[in-house]
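Got the viewer open? Load the model, clear any old selections, and follow along stop by stop.

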Amino acid sequence: MNWEKNIMGFVPQNEWLDVGFNVTRQNDPIDGLFGDVRTDNLVAYWQTIAAEYQIPMMAQFHSFDTVTRKTFRVPIDTHNIEKGLIKVKINQSERMRALTRAGVREDALYDYVIQDGVRLAEQVFTRSKVAKNELMSSGVVTINENNLNLTVDYGVTNAQTAFTLDLSSTADIPSQLQEIIDTALASGKTITGMMTSKKNLTKMRRNEVIQLEVNGTAAQGALVRQAALEAYLEDEFGISTIVTNDLTYGADATFGDDGRPVIQTERYYPEDKVTFFAANSAGRLGVGLWGDPPEVDVARFMSVSGSEYPYVYVSQWIENDPTVLWTRASGLFMPVLYDPYSLWIATVESDAEGATGET
């Protein structure tokens, strides 16, 4: 193998150019609501988006020969946007020694190293999905890890996130939904969709009031079909898009006595939340902005021709004492919400009934 500087596991720089592009996951619901865009200036792009998607302000008539009334720009949180650095590294030297002892041929080591880089990039992508889902479920993005403690404010008000929903079998769910929709409409927004867990949809299908309105008295007590519930929500409330997200990810890991990792799994989207949203004409609520991590600006590690740049950069370097080869994936990321009044978030009240989440 043509290892860089004849160091085993040190892949030439140009070999990493194909890694870090595939940020969209086809089975991930959040990517349908928040896309991904690569930009050279996160702050400028965010400011452009904020100006474009606000409620239109009215200019006023003026008499001739009078001073023009001054308007304003909507304030946005530019202080924290460029602090969204996501990165992770792995000891490549340790990996190479383990593979060599296992009898892996040197010509096969290259694929193992590249796959390590791909997996590291996927971990960066995963953190971006977690941030998008947190924005959907709370209206903010919080970062409290690795000595970084900040909250990115998108202008979603406390009133928009203070709703509660009683989804018990006898609750008047339609009246609760109508209240949220009317409140959003009073702010100039028409709700077009909702995001929640399958468990909450099952609770709605078991609700007696919804059963009565969908199936009539003859079929009251029978579980409402999924398609019938979706048609009902669209016809009665204009909720034409229903997104469910029950996916999980590995949030952290500890090592057991046997040396194997014990992974702590978390949900991307909380089970007890329902987010009502007003999407744009393309069905989107925002976009994930990706920029250059610091090492690209300092070292220009990746020399990419043309206009295509990866979302996540993979780099390698040697640490001399102890002598270790590291592989790292890093990206600068922050999700952006087009319109702060596009989210209306409710917390589901806990009940003793429980639901299996079956559909």
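In which strand is the place of V348? Select V348 and you land in strand 14, residues 343–348. A word on the numbering and the model before zooming in: residues count from 1 along each chain as its sequence is written, and side-chain values use heavy atoms, with hydrogens and water left out. This is a predicted model, in which local features need pLDDT of at least 70 and side-chain atom pairs count only at pLDDT 80 or more, while totals for chains, interfaces and linings use all residues.

**The whole protein**

Zoom out for a moment. The protein has 8 helices and 14 strands; these are DSSP runs numbered from the N terminus, with helices being H or I of at least four residues and strands E of at least two. Of the 359 residues in the protein, 43% are buried (buried is under 20% relative accessible area, exposed is over 50%, and partly exposed is in between, with a 1.4 Å probe and protein chains only). Take the contacts between residues at least 6 apart in sequence: 74% of them join residues at least 24 apart (contact means heavy atoms within 4.5 Å). With a surface on, you are looking at about 19300 Å² exposed by the protein, 49% of it supplied by carbon and sulfur atoms (areas are from the Shrake-Rupley method with a 1.4 Å probe, and for residues only the protein chains shown count as cover).

**Stop 1: V348 and V37**

Back to V348, which counts as buried because its relative accessibility is 8%. Now add D272: the two residues are 76 apart along the chain, yet their C-alpha atoms are separated by 5.0 Å. Not counting residues up to four places away in sequence, V348 touches L165, L167, N200, K203, D272, K273 and V274.

Next, pick V37 in strand 1 (residues 34–38). At 22% relative accessibility, V37 counts as partly exposed. Add W290, 253 residues from V37 in sequence and 6.1 Å from it in space, C-alpha to C-alpha. Leaving out residues up to four places away in sequence, V37 touches Y45, V287, G288, L289, W290 and Y311.

**Stop 2: T327 and Q316**

Select T327 in strand 13 (residues 324–337). Is T327 buried or exposed? Buried, because its relative accessibility is 0%. Show side chains and you'll find a polar contact of 2.5 Å between those of T327 and Q92. (A polar contact is a pair of N or O atoms within 3.5 Å; within protein, one must be able to donate a hydrogen and the other to accept it, and residues adjacent in sequence count only if both atoms are side-chain atoms.) Beyond its neighbours within four places in sequence, T327 is in contact with residues including W16, V88, L120 and V314.

Q316 is the other one to pick here, in strand 12 (residues 313–319). Q316 is buried, with a relative accessible area of 7%. Which side chains does Q316 reach through polar contacts? One is the side chain of W16, at 3.5 Å, and another is that of T327, at 2.9 Å.

**Stop 3: two helix pairs**

Color helix 2 (residues 92–101) and helix 3 (residues 106–138): they pack at an angle of about 140 degrees, with axes 11 Å apart. (Axes are lines fitted to C-alpha atoms, for helices over the stretch in contact, and angles run from 0 to 180 degrees between N-to-C directions.) Helix 2 and helix 3 are therefore oblique to each other; angles under 35 degrees count as roughly parallel, over 145 as roughly antiparallel, 65 to 115 as roughly perpendicular and the rest as oblique. To see the contact, show Q92, R95, M96 and L99 of helix 2 against L109, Y112, V113, D116 and R119 of helix 3.

Then swap to helix 4 (residues 173–186) and helix 7 (residues 226–237), whose axes come within 11 Å and cross at roughly 50 degrees. Helix 4 and helix 7 are oblique to each other, too. Here P174, L177, Q178 and I181 in helix 4 meet Y232, L233, E236 and F237 in helix 7.

**Stop 4: two loops**

Most residues other than glycine have a negative phi. Select D65, in the loop between helix 1 (42–52) and strand 2 (85–91): D65 is not a glycine, but its phi is positive, about 65 degrees. D65 is exposed, with a relative accessible area of 84%.

Finish on N147, in the loop between strand 3 (140–145) and strand 4 (148–153). Phi of N147 is positive as well, near 65 degrees, and at 87% relative accessibility N147 counts as exposed.
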